[in-house]
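The following note is offered to a colleague who is beginning to read protein structures. Please keep the model in view while going through the numbered points.

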Amino acid sequence: MSATETVTLTIDGVAVEVPKGTGLVEAALAAGIEIPVFCYEPRLGPAVGACRMCLCQIEPGPPKPQAACTLTAQDGMVVRTALTSAVAADAQNATLEFILVNHPLDCPVCDKGGECPLQDLTFRYGPGNTRMTFPKRTFEKPIPVSPLIALDRERCILCYRCTRFSEGVAEDGQLVAVDRGAGTMIATFGDEPYRAPFSGNVIELCPVGALTSTTYRFEARPWEILDVPTVCGMCPVGCNVNATTREGNVKRILSRNHPEVDDGWLCDKGRFSYAHLHAEDRVCDPILRVRRRGFEEVSWERALDEAERLLREANGRIVTALSGSETIEEAYALGKLLRRGLGAHTAFFPEESSDALDAFRVPLSAIRDADVVAVLGDAPVVERAPIVELWIKEARRRGARVLYELDEEAVRGAETAILVWCGPGGHGGATVAVLAQRLGLSGAFYIPETANGRGVCDAWSCSDDAESASPDPIGLLIVSGDEAAANPDVRALAEKAERVLVISMFQGLAAGWADLVLPGTSYLERDGTYINLEGRVQRLRRTVIPPVPDELAWISKLAERFDVELSPYPALVFEEVSAIAFGGIPFGEIGERSPLPAATGASAQIELGEADGPAVDGGLRLVRYRPLFSGPAVERVHELDFQRPQPEAELSEEDARSLGVRNGEEITIRSNGTSVRLRARLSRELRPGVVRVSDDFAGELKPAVEISK
Amino acid sequence: MSPQPLDSVKGFAVTFRQLFKKPITQQYPEYKRPVYPRFRGRHRLHRHENGLEKCVGCSLCAAACPADCIRVVAEENTPDNRVSPGERYARIYEINMSRCIFCGYCELACPFDAITLGNEYEISEYSRDDLIYTKDMLLAEPIKKVPVADRDLYDTPIPYYQDHS
Amino acid sequence: MSTYYEEVQEIKAQYPDGRSAALPALRLAQEKHGYLSPEALRECADALGTTPALCEAVASFYDMLHLAPTGRHIVEVCTNVSCALVGAQQVLESFEQELGIRAGETTDDGEVTLRPIECLGGCGWATVVSIDHHYRTHVKPADVPAIVQELRSGE
C-alpha cells in the first residue's frame, strides 16, 4: 500500500494535515476544534446535512455558511467555525433557535435529559433566550413505534438518523419519514410495529429524546446510573456493551463501540433481554428432590452436602452437559473438579469446536473491506450472529460481491475474499478451514451456535489431560446452564441417567427432572472471559450482584471437599487456563477493547470427518434454524414477544419462479408423512434447492421436502 | 502572688453586674423564637391547585444535592393513576434528613417549584430510620409548627429572577 | 392485459436501481385502486421489491399521490407564495363555504374533494386552481360559485 495522500487546510487559524478524503468534522477534530453536529454520523453512510448545526464559513466557496459535515478536506481550504467567524456563529445560533422553536421544554420529564446532545449543544452554542412566544405545537404522545420503542413527535428534530439507519445500515426499510415539511413524522407502515432485529439502535442514535426505549422509560437519570463495560453473552459475536445499572439492577444495555467487532451496533436480543435477570421463575435457592415427586428449597450448606453425596455415589460415572454460555473460568473449574477430583472426563458439548480456523483469523471488520464475501452453510447469519449480517451488508454496499453459493472462480479472482460459514456441516470450523486453505483465503469465519462454545471446550480440555470411556449407564448427569437444560438431546440423556444435577437460572427449565437444582447466574452477573467467533478473548464484568452465589464460588467450595485446589476468583482461575491455552496473557490485560490475537501459522493437515450435508435428490433441502429471538432468556422477556419468528418459509427466487410461488403466498411444505403450511418469503440470500424454516414452525419435517401451493 | 491584685476583683465585678441585668435565656420548648422568613428548615413538597403533585420525578434535586440525601424513583402516569401533570411522576421520593445539610440546592434545582425548604427545624427522632422522610410525609402539612417572624420586618430584596423576566 | 406486477417489472427494468421506479409504480397503483390504500401500497412494494413503509414515505411526499379516497372531482387550490399574495386563502375559503366542507375533505355525496396544494407552476396567473387536473387561472373568490355550479351540473 502506498503512503496515503494528505491535504493541508486551515481551521480557525490552525493548520492541519489530514489524509485526503477526511470529512471536515474529523479534520477539525484533528486540529482540536469541535464542529457541533446532530445528524452527522459516519457509520450511517454519506452525510446529509439535515440539521445545519455544522454551518461554517469556508473558503473557497459561496459567500455563505456551508454545512461542514457534507464536505471533505481539500488542500488550501480555509475553514472558520463559530469560534472565529461571526457569520458562522450567527448561523449556528439561528439554527438552534429554529430547532428549539418546535422542541418542547420538557427536559425534566424526558429520558434523554442529562445525556442529550441537543441540551449540550444548546448550552454551548445556542442563544440564551428564545423569541418564540407562541404556544408550541403539541402531539399525542408517546406513540408506540414498537413494543420496545416510543416516539415523541414533539421532540423530533428531523435529523433522519433513525430512518437512515433503517434504510442504509440495517436495510430493513421499515422506519421512514412520512409526509413532508413541518408535518414530517417518523413512522412505520400503518400500525405495524418496527419489527426488525436491529430496531433498538435507533434509540441510541436519536440525538434528542424522540425515540426512547420503553423498557428504560423513566427508570433512571444519567447522574444516578453506573455504566459497567462488559460483553454481551447472547451470541457468538460478543458485542461490547455498557450495562447501565441503578441501585443494583440492570436498567438498559448500550453498545460500546469496538470498531473491529460491532462498530457500535447491537441487536435487540442483546439490548433488551437483560430483563431475564428478574424472571418470575428465577431460582434463588437450591432445590432438592425429597421423596418421589416432592421438592423443597434447601440451604446452600445442605445443597453442597447433597451435591457431594451425588458426586461420590456416582463413582466416577458422571457425564457433564455444558451449554456453551459458561465463562472460561467456570468451565475450567467444573472440569478441574470433575476430572481431577473424580476422574469423570466425559462431557457433552453443545456443538463441535475446532481451532483450525485460527490460521485464518481476521477481525470481523475485515468482512467490510473484502471484495468477495462467500456466505455458506445455508443457515441465516442474522439469526445466529446478527452483527455479522450488518458487516456483510456493509460490504455489499461498498461494492463487494456477496455469494450465497460457492463460486470458486470468483473467490480465487478476488483481491480479498472472506468466507463466512453459518449452518450445519461446518464441523466447528474445520470444514471452513479446509475450504479456506484450498482457496488460499486470508480470512474465514465459522459462526457457532453458542456464545462461548469454543471457550468452554478449550477450558474443559485444559483442565486435565486424561481421557476415559463414556460411562454406561450414566450415574450422574450434570447439566450446566439453561441452554443445556433446554436442549432435547440433554433431556434424552437425563432419561438414561440415574441421577441429575442441574445448574439453572429458571425453575421452569430445571424443575421436575432434577434431583438437585443449583441456582445459576447470567452473563451479566459474572466476572470472567468469553471467546467470540473470531477467537478474541473478551472480558465479562459483573454488572450487578446476583441474588445467588456465582458458580465459581460454590464450585471452589465443592472442590475443597474433593481435595482439588481451585480459586474462587476468576482472575486466578484464568491465569491457570491462560498458561495452557492463551499464551499466558494475564486477566488484567484483556482490557475493555480486547485485541485480536495474531493468526497462527497454517495448520499442516486438517482431518475431516464426513462430507457435509446429506444430498437430496429432487425436491428441496430443508434447513431449520434456531431463531434469534428464542432461548431461555429471551422467552422470559415479554417485550420481545413480537419479535418471535413469523410463520414463514424462505425460498430462493429461482426456486420460487420454477414453482410459481409469489412472495407472501401460502405454501405447503411436505416431507414423508408430515406437512406444514407457511407463508412463502422470497430471499435473494439463499441458494436454489434450499428452503429455510425456523424451528418454531418446522415441526416434524425431515431434511428432504417438497413444496406445493 | 499576682502582680496586679485588683484584677480578680475587676473580673468578679463584671459577673456581679450581670446579676442585675434582665436574663436573655429563652425557655426553648415553652417559648419558640420566630425564625427568619428565609430560614431553611424541613422540606415540603407541593401540589397544584387541582390536587396534582408538582413534582414530576426528574431527579434534578438529587443531582444538585451535595449530601446525596434525596432518592427519586419515577414512574409513568396512567389515565387510571394520574399523580402529576405530564407523563412522569415520582413513585418514590425520599429525603434522608439525617444527611441533609439544608443548603437549599434542591429548591434551586427544581424546575417546577415542587420542593421548598420550610421553616420547621424540630425534626429530631429517636431512630435514624424515622429520619427518612417519604413522599407522603413531605406532601403533608408538618405536624409541628414554628412561628415565623414578620416578613416586613426584614429587608428581603426581591430576587433577581422575579424582577427581570 | 398484463398485470400490475408485470407492468412494474417492465418499468423497473429501465432503471439501474429498481426502487427508482417508485413514482411510476405508485401512479399505476393509484390508477388501479383509485387511491393508495394500504393494500395498494403493499402490492406496489411487492412489485418493486421494497417495503410498504418506503412506498408510503414516497407517496406521502407527493401531492398528486392520494393516501385517502378522493371524490369524483378534485379541486386543488394553490396556496404557495404567489397565489397567497393575491388571495388564495380567500379562494380556498369560498370553496369551503360553497361546498360545505373543510379543505382536505370530500363532500358527503362523494362528488368533490377540496385540497390545498403546493405550487402548480402558474405563478404568473395566480391564483391557480386545478379542477380535475385542468388549470383555471386568475381565480377570484367571486368566481367560485360558478365553478362549483359547473362541477355539480356534471360537466
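1. Chain B and chain C have no contact with each other in this predicted model. The closest C-alpha atoms of chain B and chain C are 29 Å apart. Two pairs of chains are in contact, and of these 2 pairs, chains A and C share the most contacts.

2. The interface between chains A and C deserves attention next. Here 11 residues of chain C meet 12 residues of chain A. On the chain C side, α3 (38-48) and α4 (52-61) each provide at least two residues that touch chain A. The greatest share comes from α4(C), with 7 residues. Sorted by class, this side of chain C holds 6 nonpolar, 3 polar and 2 charged residues.

3. Which residues does the domain assignment of chain C place in each domain? Domain 1 covers 4-61, and domain 2 covers 73-153. The C-alpha centres of these two domains of chain C are separated by 29 Å. Both α3 (38-48) and α4 (52-61) of chain C, which help to form the side touching chain A, fall within the bounds 4-61 of domain 1.

4. The interface between chains A and B may be read in a similar way. In this case 7 residues of chain A are in contact with 13 residues of chain B. The chain A side of this interface is made up of 4 nonpolar and 3 charged residues, with no polar residue.

5. The overall form of chain A can be checked against a simple rule. A compact globule of 709 residues would have a radius of gyration near 27 Å, and chain A, with 28 Å, therefore agrees with that expectation. Along the principal axes, the C-alpha trace of chain A extends over about 85 × 60 × 50 Å. Of the 709 residues in chain A, 51% are buried. Among contacts in chain A with a separation of 6 or more, 71% join residues that are 24 or more positions apart.

6. The secondary structure of chain A consists of 20 helices and 32 strands. One of these strands, β1 (residues 6-11), pairs with β2 (residues 14-19) of chain A in the antiparallel sense, over 6 bridges. Within this pairing, A:Val7 of the hairpin faces A:Val18 in β2(A). The hairpin has 2 residues between its strands, and A:Asp12 adopts a positive phi near 50 degrees there.

7. What is the sense, parallel or antiparallel, of the pairing between β1(A) and β5 (residues 78-80) of chain A? These strands run in the parallel sense and are joined over 2 bridges. A:Thr10 stands opposite A:Val78 in β5(A).

8. The interior should be considered last. In soluble globular proteins, nonpolar side chains tend to be buried together. The largest nonpolar core of this model contains 232 residues, and A:Cys54, A:Val373, A:Leu419 and A:Val420 have the most contacts inside it. Helix α8 (residues 328-342) of chain A contributes the most to this core, with 7 residues. Another core, of 26 residues, lies apart from the largest one and includes B:Cys55, B:Val56, B:Ile70 and B:Ile115.

9. Which residues does A:Val420 touch, leaving aside residues up to four places away in sequence? The partners of A:Val420 are A:Val373, A:Val375, A:Val381, A:Val388, A:Ile392, A:Phe445 and A:Ile447. One of these partners, A:Val373, is also named among the residues with the most contacts inside the largest nonpolar core.

Definitions and conventions. Residues numbered from 1 in each chain as written. Chains lettered and ligands numbered in written order. Predicted model: local features only at pLDDT ≥ 70, side-chain atom pairs only at ≥ 80, totals over all residues. Helix = DSSP H or I, 4+ residues; strand = E, 2+ residues; numbered from the N terminus. Nonpolar A, V, L, I, M, F, W, Y, C, P; charged D, E, K, R; others polar. Pairing = 2+ DSSP bridges. Domains from an automatic or database assignment. Rg over C-alpha atoms; globule rule 2.2 N^0.38 Å. Buried ≥ 20, exposed ≤ 12 C-beta atoms within 10 Å, placed from the backbone. Core = buried A, V, L, I, M, F, W, Y, C linked by C-beta atoms within 7 Å.
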